[in-house]
Structures are given as structure tokens and as C-alpha cells.
Amino acid sequence: MTPTTIISVFTINKFSEMIHRNGMDMMETALEHSKENVASFMSGAADAALMIMTNSAIIDPLLKTDGGGSVQQRITAANLLEKQLYELKIHGVRAKEIAIVKPNGDKTYSGGNTFMPASVAESDWQDAVNRLDGKPYWGSYNHNGKYIFIARKVKQFVQAEQSFRDLGFVMIAFAERDFSSINSAVNLANGSEILVADRKGLTISGTDEAAIGKSLASDALSAGSRIGGQLDLTGVYGPGESNRLTVYNALPGSDWSLIVSSPFREMQQTQLSIKRIILLSTGLCVVGAFLLAALLAHRMTLPLKRLSKEVKQRIANGDFAFWPLPAPARQDEIAGLGQGFYRLVADLNETKNRIHQVELMKREAEFDAMKSKIKPHFLYNALESVRMLAVVNKDLGTAEMIKALGHLFRYIISDQKGRTTLADELAYLTSYIKLQKLRYEERLDVRIDVPEALQDVGILKLVLQPLVENAIEHGINRRRGARRIAITAREDGEDVLIRIWDEGAGIEPERLAEIQRNLDDPSTDKDHIGLINVHRRLRLHFGEGCGLAIDSEPDSYTSVTARIPGRRP
């Protein structure tokens, strides 16, 4: 027990140090995030004030013109300021009011009543703005609520006097709640707060609304410094709550300080909880170690021997079909090992059977393809003789149709091991369509739109013709007035999608679902055997990722999309 006790004490001390260190790291991270958020907010507001003070359409009629500009000019200036206020809100700077103030403090324009120069808490804010000479000044005030404001000095260069003349101030006011809400996304530990204090130590904003308006000790903050440890927050939280871990830093572009604090009480409670857990865990580990050692010694050897004997016997007998097995009475590591081994052997057996089945299907498909080929060359030669006779008799229409039919036969009997290019397949399809036009005439309108860049993509022979034939027989023929068929192709990543669309009768949802389920089983569907054969051939030659996809709407359209690899032969 002595080593365990030493380890427990050491662990407790290390965890206490880690909690303190992690607490400081978390607060410093929160301080940096809050500083970035507040600085971004203040920078956006300062830029907005600069845009106003440099806009002559606003400043001239309100400050430069003696006695004020014309009514129309002042209306234009007011509209521009209202637009600026709206754009500030769109960009996340939720301003309450924009005011244009003369050097004596009188307002020449105000979009509301939230900003009152007489209500500004700092009596010397104008002197501070004058000292900054155009740079942004930040302050706070109370007027039916708490507000933060920015002020920038507006000057005019007088050519005759060769000097600048003060025209007034551009001021933008923000509700303190909106100002403090920019820290809502900062990740804070339990009980932590973010406060903003001015140069006098007065808290003017923060996540703790009750702390706003209270003062820190006069020497608590040293401008621009950053500390970790205790900060005198008695004036903010009172004697009982001021014992807090704090970090702070100066906010750029202002004389304010940003403070992140967390009560020691939360940290102490966390440390106490960890101590209890470690002590309890230590006791349980000591007792459990003895019990576990005895249990493992008893249960390890016998199941291993049993598993070894059974595996040897089954493998010697060539028995691989023994999964699933009944669940063992005891679910332990050895039982899991045995079940895993049985599953592995069964999976190997199933894979072997699946490969065998695929080979059988491939051979069957190849045999069907061989049976579908038309070998007699004399038929093609005879057709060519008939075509020449039609030409001699000046029956050019018949000659053209016989030529198309001859092209079909030549394409079918050509020996390319079932492979061709998309261009050749489309040429074959064009001849087929010419023959179909003899039957349907103007009732059939087939349009082919395939980019030139895809013409040399490799494809199986006799893939598109069955799909077009299916569109004619099951689509165009079964809907009165239907005539259009569209054949298009496009790239989809490394694949090519070829789409055959018709405006025919479509397919009912139940029938469509049945066809999609049975694409890999031709014995279950005799009406769409062409679709099924094409789908199986694409899967066998190009892999499981290729094949057909069908989409249809009854009495509207049917779309069959063939996916093939974008490889060139």
C-alpha cells in the first residue's frame, strides 16, 4: 500500500499544478481572443468614423458651412449618415447613434437621443479628443442606459491662414450590452468574467453586468502591463468574492484595459473533487488488482486450449462453413478471439464463393454476347449488292437505308473484343436511328449532343442502341404525341455519364423501384431485358461503380444514365 499511497500523493500534487496551469492558460487564451474581438470591433468603428469625417457631402453642410447648408444638403447628409448607420449594423458593428457635434458641444445632427454630450461621464473628453488630433478617442457615459462611444476630431485647412481650424467632432454611440456581446464566443471557464476598465480603473463594460460602474483600486492596473496572479478586485466583487485568478492587458487604440478573472473557489472545488476521485480509485485498484489476477489465471489457459483444439480439428477436416456459431456462455477476450477467428474463416469462404459466382456470371455474359453476334459475312456482301442495284435504279432512299443496315452488320461482326470508342458507338447508333425513321418518320426526333472531347472515351459495343430501342418501344410508342429523344454526355470526376432521355410514357414508381432492385437479376424482369443486360455488362467490365441509373416520371419522361470510366482505349 505504501507505493500506491506515494503515487496517489504525487498524482494529486501534479493534478493540482496542472489545474492551476491550465486555468492560467485558458484565461490567457480567452484574453487574447477577447482582445482580438474588441480590437476588431473598435477598428471597424474607428474606420466608420473616419469615412464620415472625410465625406464632404456630410461634413460640408453640417460643419463647414456657416449657418448650416441648405435644407436639401442637410437632408442628403442625414440620409448618408442613416445609410452609414445601417451598413455598420450589417457588418456587425451595432451602433445606436451617429452624432455630428460642433466644437462648443452642440449637436448639428443626431440620429437619436441615446447620445447626449452633457451626459458624457468624462468632463474632459473634448480636451482628450483635441490632444489625439484626429485619432479615435473612446469613452463611456450613462443616459437612460450604459453606452460606449467613439469620437474623432474634424478639422479644415484654411488657405488664407495657413493653418487648421477645428470644425467639430464625429461621434458614434454603442449600447454597452452590444459592446460586451462581442465576447460571447470566447471560451471561458466556469465562473470566469471579462471586464473592460478605463484608465481610472472604472469598469465600463463586461460579461458581468453587476460589475459595470464599479472601480478597481487606484493602483491596481499599470498601463500596458500583463500579470498572472491576484489582482485587487475588492471594489468590484466585494471582500468575499475578490479572491480571483486574473490576467489583463491594455487594449490597442485606447487607454482601456481588458481583464479576465476566475474565482479561486472554482479551482479549489475542482482540485478537491480530483483528490477524492484519485483516493477512491486507488483503493478500488488495489482490491481489483488481486481479484483480476486470480480471475485471469483461472480463465486464460482452459479456453485457449479448447480453442486451439477445435481450430486444428476443423481445419484438418476442411470444415470452413461454421459461422455463425451460438454465442458462448461467457463473453470474455478468449471467446471474442474464437468468434473473430470463426468469422474470418467464414468470410474467406464467402469471398471464395462470391468470386466463383462472378466468374460464372462473366462466362455466361460472354457466351450470351458470342451468341448475339452475327457472323455470316455473305449477308453483308448480299446487302451491298442490293444497295448497288438500288443506286443503279436511282432509288437513293432505299440505297441509303441499305447502307445504314450494312453499317450495322459490319459494326456487329467486327472483332474488337467488345470494346470501341464513344464516337464509333454513336456512329452505329446514328445508322440504327436512320432505320427507325423509316418506320416512325416524323414521329421520331432523336438529338445527339456529345462534346468532341469525349468522343474518344472507351466504351463497350452495343451499349447505347439497346437503351435507345428501349426508349422507343417503352416510351415513345406508349404515349400519344411523344417524339423527342435526347442523348447527351458529360464528365463527372473521373467518370463519364451518358444520358438517354425520352418524353414517353414514363414508369410508375412501384414498377421503377422493382426494375432498380432487379437490375442484377435478369430472370426477374422480361420487359426490360435490354436495360438489365447493359447494366450487367458494364458492371462486369468496369466494376461495381459503373452501370445504369434510372429516373422516371409517369406520363412525362424516362431518363437512363450510363456511368463508365473516362479512360481512353
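User: Where does N55 lie in the chain?

Analyst: In this predicted model, N55 sits in the loop between helix 1 (2-53) and helix 2.

User: Why is N55 called partly exposed?

Analyst: The relative accessible area of N55 is 26%. Buried requires a value under 20% and exposed a value over 50%. The value for N55 falls in between, so N55 is partly exposed. As for its position relative to L80, the two are 25 residues apart in sequence and 9.4 Å apart in space, C-alpha to C-alpha.

User: What makes helix 2 oblique to helix 3?

Analyst: Helix 2 (residues 56-64) packs with helix 3 (residues 71-90) at an angle of about 130 degrees, and their axes are 8 Å apart. That angle makes helix 2 oblique to helix 3, because roughly perpendicular covers 65 to 115 degrees and roughly antiparallel begins over 145. The crossing of the two helices is left-handed.

User: Which residues make the contact between helix 2 and helix 3, and how do they divide by class?

Analyst: From helix 2 come A57, I58, P61 and L62; from helix 3 come Q73, R74, A77, L80 and L81. The residues of this contact divide into seven nonpolar, one polar and one charged. Gln counts as polar and Arg as charged, and helix 3 contributes Q73 and R74.

User: Which strands does helix 3 lie across?

Analyst: Helix 3 lies across strand 1 (97-101), strand 2 and strand 5 (163-175), and runs at about 140 degrees to strand 1.

User: What makes strand 2 and strand 3 the edges of their sheet?

Analyst: The sheet is open, with five strands in the order 2-1-5-4-3 and antiparallel pairing. Strand 2 (107-110) and strand 3 (137-142) each have a single partner strand, so one side of each is left without a neighbour in the sheet. From one strand to the next, the twist averages 25 degrees.

User: How do you know that strand 3 and strand 4 pair?

Analyst: Pairing requires at least two bridges. Strand 3 and strand 4 (residues 146-158) have six, in the antiparallel sense, so the criterion is met. As an example, Y137 has A151 in strand 4 as its bridge partner.

User: Is R131 buried or exposed?

Analyst: R131, which is found in helix 4 (residues 125-132), has a relative accessible area of 59%. The cut-off for exposed is over 50%, so R131 is exposed. R131 and K153 are 22 residues apart in sequence and 9.5 Å apart in space, C-alpha to C-alpha.

User: Why are helix 11 and helix 12 called roughly parallel?

Analyst: Helix 11 (residues 422-440) and helix 12 (residues 464-476) pack at about 30 degrees, with axes 9 Å apart. Angles under 35 degrees count as roughly parallel, and the two helices are therefore roughly parallel to each other. Their crossing is right-handed. Helix 11 brings residues including L422, L426, Y432 and R439 to the contact, and helix 12 residues including L464, V468 and I472. By class, the contact has nine nonpolar, two polar and four charged residues.

User: What makes strand 12 and strand 16 edge strands?

Analyst: They belong to an open sheet of five strands in the order 12-14-15-17-16, with mixed pairing. Strand 12 (445-449) and strand 16 each have a single partner strand, so one side of each is without a neighbour in the sheet. The twist averages 15 degrees from one strand to the next.

User: How many bridges join strand 12 and strand 14?

Analyst: Five bridges, in the parallel sense, join strand 12 to strand 14 (residues 484-492); D449 has T488 as its bridge partner in strand 14. Helix 11 packs on the sheet, where it touches strand 12, strand 14 and strand 15, and its direction makes about 170 degrees with that of strand 12.

User: Why is strand 17 described as mostly covered?

Analyst: Seven of the nine residues of strand 17 (residues 557-565) are buried; buried here means under 20% relative accessible area. Strand 17 pairs antiparallel with strand 15 (residues 495-502) over eight bridges, with R499 opposite T561. Strand 17 also runs antiparallel to strand 16 (residues 547-553), joined by seven bridges. The hairpin of strand 16 and strand 17 has three residues between the strands, and D555 there takes a positive phi near 60 degrees.

Notes:
Residues are numbered from 1 along each chain as its sequence is written. This is a predicted model: local features need pLDDT of at least 70, side-chain atom pairs count only at pLDDT 80 or more; totals for chains, interfaces and linings use all residues. Side-chain values use heavy atoms; hydrogens and water are left out. Axes are lines fitted to C-alpha atoms, for helices over the stretch in contact, and angles run from 0 to 180 degrees between N-to-C directions. Helices (H or I, at least four residues) and strands (E, at least two) are DSSP runs, numbered from the N terminus. A crossing is left-handed if the near helix is turned anticlockwise from the far one by less than a right angle, and right-handed if clockwise. Contact means heavy atoms within 4.5 Å. Buried means under 20% relative accessible area, exposed over 50%, partly exposed in between (1.4 Å probe, protein chains only).
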